[in-house]
Amino acid sequence: MSELIRLIYASRAEFEPADPIQGVEPNVGRILMQSRRNNKRGGIGGVLYFGDRHFFQVLEGERDAVNETYRRISGDPRHRQLTILSVKKAGQRLFEDWSMKYVPAEQSVREFLAARDYLRFVPLQFSESEAEDLARLFHRQQTGQGNDRGFSWRRLLKF
Ligand SMILES: Cc1cc2nc3c(=O)[nH]c(=O)nc-3n(C[C@H](O)[C@H](O)[C@H](O)COP(=O)(O)O)c2cc1C
């Protein structure tokens, strides 16, 4: 069995995002469906955030499976400027399910950005520690330890 790693990257969408009021952006919805199908097979877990036309994704799993998935994702014409922010051995998974969690644009991320003097979601510029902090924030929200009033699992699970 190869070791468990956590890879965090950011990218910029190539498509024109639909009106955010419509719920999950349709291109992002399709990506999530593909991810959920494939990631279960590869034992990959993680989280995908989409905001201000940028993606931020955490991929966790065995090294070979994460590398294979990232190679596939990096050839996808729906985004470009893929930038690896952090790749590290992981003692344990932050995202237990072998799937892909989706986090919609929300208050806690706005607070995260404001605390670091970012005016917009610009993950391509994140330092390694900022990327890891954001991954931990998403982990805390998943386990219900976040204090974000705007975050609702019911809203997410409808997807
Ligand atoms: C931002 C982004 C994130 C993606 N994340 C994943 C992922 O976690 N797992 C996955 O299998 N495909 C992911 N994809 C889709 C892949 O690039 C690719 O289209 C897909 O894996 C092909 O699967 P299929 O051959 O089963 O259709 C992602 C694509 C984008 C643009």
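Here are four short exercises on the structure above, each with a worked solution.

This is a predicted model, in which local features need pLDDT of at least 70, side-chain atom pairs count only at pLDDT 80 or more, and totals for chains, interfaces and linings use all residues. Residues are numbered from 1 along each chain as its sequence is written, and side-chain values use heavy atoms, with hydrogens and water left out.

**Exercise 1. The overall layout**

Work out which pattern of helices and strands the chain follows along the sequence.

Solution. Start with the elements: there are 5 helices and 5 strands. Here helices (H or I, at least four residues) and strands (E, at least two) are DSSP runs, numbered from the N terminus. Next, read along the sequence to get β-α-β-β-α-β-β-α-α-α. Then turn to burial: of the 159 residues, 48% are buried, where buried means under 20% relative accessible area, exposed over 50%, and partly exposed in between (1.4 Å probe, protein chains only). Finally, take the contacts (heavy atoms within 4.5 Å). Among those with a separation of 6 or more, 78% link residues 24 or more positions apart.

**Exercise 2. The sheet**

Find the order of the strands in the sheet, and explain why one side of β4 and of β5 is left without a neighbour.

Solution. Begin with the order, β4-β1-β3-β2-β5, in an open sheet with mixed pairing; two strands pair if DSSP finds at least two bridges between them. β4 (79-89) and β5 (101-103) stand at the edges with a single partner strand each, so one side of each has no neighbour in the sheet. On average, neighbouring strands are turned by 15° against each other, direction ignored.

Now go through the pairs:

- β1 and β4 are antiparallel, with 8 bridges; I8 has S86 as its bridge partner in β4.
- β1 and β3 are antiparallel too, joined by 9 bridges, and the partner of I5 in β3 is G61.
- β2 (residues 45-51) and β3 (residues 54-62) run antiparallel over 7 bridges, with L48 bridged to Q57 in β3.

As a last step, look at the cover on β1: 9 of its 10 residues are buried.

**Exercise 3. The loop between β2 and β3**

Which phi values do D52 and R53 have?

Solution. Locate D52 in the loop between β2 and β3. Its phi is positive, about 50°, although D52 is not a glycine. D52 is partly exposed, with a relative accessible area of 37%. R53 is in the loop between β2 and β3 as well, and its phi, near 70°, is again positive in a residue other than glycine.

**Exercise 4. Helix α4 and the cores**

Find which element supplies the largest share of the largest nonpolar core.

Solution. First, the term: a nonpolar core is a set of buried Ala, Val, Leu, Ile, Met, Phe, Trp, Tyr and Cys residues joined through side-chain atoms within 4.5 Å. The largest one has 21 residues, and F56, F121, F126, L134 and F138 touch the most other members. At least two residues each come from β1, β2, β3, α3 (107-115) and α4. The largest share, 5 residues, belongs to α4. Apart from this core lies another, of 19 residues, including L7, Y9, V28 and L59.

Next, place the helix: α4 (residues 128-142) lies across β1 (4-13), β2, β3, β4 and β5, at about 80° to β4. Such axes are lines fitted to C-alpha atoms, for helices over the stretch in contact, and angles run from 0 to 180 degrees between N-to-C directions.

To finish, follow F126: leaving out residues up to four places away in sequence, F126 touches F56, L85, F112, L113, Y118, F121, A131 and L134.
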